[in-house]
Amino acid sequence: MTDHRRSLASSLFPVGLLLIAMASIQSGASLAKSMFPIIGAQGTTTLRLIFAAVIMVLLLRPWRATLTARSLLTVVIYGISLGGMNFLFYMALRSVPLGIAVALEFTGPLAVALYASRRPLDFVWIALAVVGLILLIPMGDAKAGIDLVGASYALGAGACWALYILFGQKAGADNGIQTAALGVVIAALFIAPIGIVHAGTALLSPALLPVALGVAVLSTALPYSLEMVALTRLPARTFGTLMSIEPAFGALSGLLFLHEVLSFSQWLAIGSIITASIGATLTMRREPHATPVAD
């Protein structure tokens, strides 16, 4: 009986870590949105990435990585896609509820999962994802309440997320976990000029620094560390399945912290995209590694 309890506890432990990581990421996004009136989404992305870069460099010491010209190019593309993903996601949050933005962004990794497959069952997941998108972005319906520019930013973030996965796998194969720190540094260098031009000296406001540090910890340092621990204890398929419910965490976080109330059709759309993501993950061909999520 004791062995059974220990086995159950060891199985639930990484699942609990992953749930905490998802809650942390979405709480960080809610906190980040509170900075928009002062420095905009551009400045908020800049501060988040700068603080995250400092934290990741101190933790992972990326200067120990050995880079060739080819691997450097891969890391640069990985970092730019990471920066673009963060920037476009925050731009979407200016006018789109958090849960909907996360669901739209999730189309990126879902596309990666389904791209190479031609099995009949996969078209069911594609159809579910399309239904979710149609429900979220009803074309020509001005009363739908979803800003199309914001939705486009979220879909752009999803495209960057797809690139992040593809190039992150290649870069990680060359330099392992240090790739994450290198990628965040490159992302910060890529986005910082945009934030500086937009927000200027407001970025140096002492009142913002604790909030920016909190966003960096909640959205990057803490969830990334928890995901790394969970990855070592969970099969890649289980990891991907659990990560698929993140849009629900986004919607709940938006409801609790930002008072963003979604309609029934919007919850149905989020459910369709979650189901498509879970289905695609459970039926995909077995892969040796999983890629952590960083939005």
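In the predicted model, helix H2 (residues 36-60) packs against helix H8 (residues 178-199). The two axes lie 7 Å apart and make an angle of about 150 degrees. H2 is therefore roughly antiparallel to H8, since angles over 145 degrees fall in that class. The crossing of H2 and H8 is left-handed. Residues of this contact divide into 18 nonpolar and 8 polar. No charged residue takes part in the contact of H2 with H8.

A second helix pair was examined in the same terms. Helix H4 (residues 98-105) and helix H12 (residues 264-283) have axes that come within 10 Å. The crossing angle of H4 and H12 is roughly 30 degrees. Angles under 35 degrees count as roughly parallel, so H4 and H12 are roughly parallel to each other. H4 passes H12 in a left-handed crossing. From H4, the contact involves Gly 99, Ile 100 and Ala 103. From H12, Gln 266, Ile 270 and Ile 273 take part. These residues comprise 4 nonpolar and 2 polar, with no charged residue.

Both pairs belong to a helical chain. The protein chain has 12 helices and 0 strands. Read from the N terminus, its elements run α-α-α-α-α-α-α-α-α-α-α-α. Of the 295 residues in the protein chain, 51% are buried. The accessible surface of the chain comes to about 13700 Å². Carbon and sulfur atoms account for 71% of that surface. Contacts were also sorted by sequence separation. Among those between residues at least 6 apart in sequence, 89% join residues at least 24 apart.

Two residues of helix H9 (residues 208-231) illustrate such contacts in detail. Val 215 is placed in H9. Its relative accessibility is 1%. Val 215 therefore counts as buried, the cut-off being under 20%. The C-alpha atoms of Val 215 and Ser 27 are separated by 8.4 Å. Along the chain, Val 215 and Ser 27 are 188 residues apart. Residues up to four places away in sequence are not counted among the contacts of Val 215. With these set aside, Val 215 touches Gly 28, Leu 31, Ala 32, Met 35, Arg 48, Tyr 90 and Thr 220.

Leu 218 also has its place in H9. Leu 218 has a relative accessible area of 27% and is partly exposed. The C-alpha atoms of Leu 218 and Ala 23 are separated by 8.9 Å. These two residues are 195 positions apart along the chain. Neighbours within four places in sequence are again left aside. The remaining contacts of Leu 218 are with Ser 24, Ile 25, Ser 27, Gly 28, Leu 31 and Pro 223. Gly 28 and Leu 31 thus appear in the contact lists of both Val 215 and Leu 218.

Backbone geometry singles out one loop residue. His 259 is found between helix H11 (246-258) and H12. Phi of His 259 is near 55 degrees, a positive value in a residue other than glycine. Most residues other than glycine have a negative phi. The relative accessibility of His 259 is 65%. His 259 therefore counts as exposed, the cut-off being over 50%.

Notes:
Residues numbered from 1 in each chain as written. Predicted model: local features only at pLDDT ≥ 70, side-chain atom pairs only at ≥ 80, totals over all residues. Heavy atoms only, no water. Axes fitted to C-alpha atoms, helices over the stretch in contact; angles between N-to-C directions. Helix = DSSP H or I, 4+ residues; strand = E, 2+ residues; numbered from the N terminus. Parallel < 35°, antiparallel > 145°, perpendicular 65-115°, else oblique. Left-handed = near helix turned anticlockwise from the far one by under 90°. Contact = heavy atoms within 4.5 Å. Nonpolar A, V, L, I, M, F, W, Y, C, P; charged D, E, K, R; others polar. Buried < 20%, exposed > 50% of the residue type's maximum accessible area, 1.4 Å probe, protein only. Areas by Shrake-Rupley, 256 points an atom, 1.4 Å probe, with all protein chains shown as cover.
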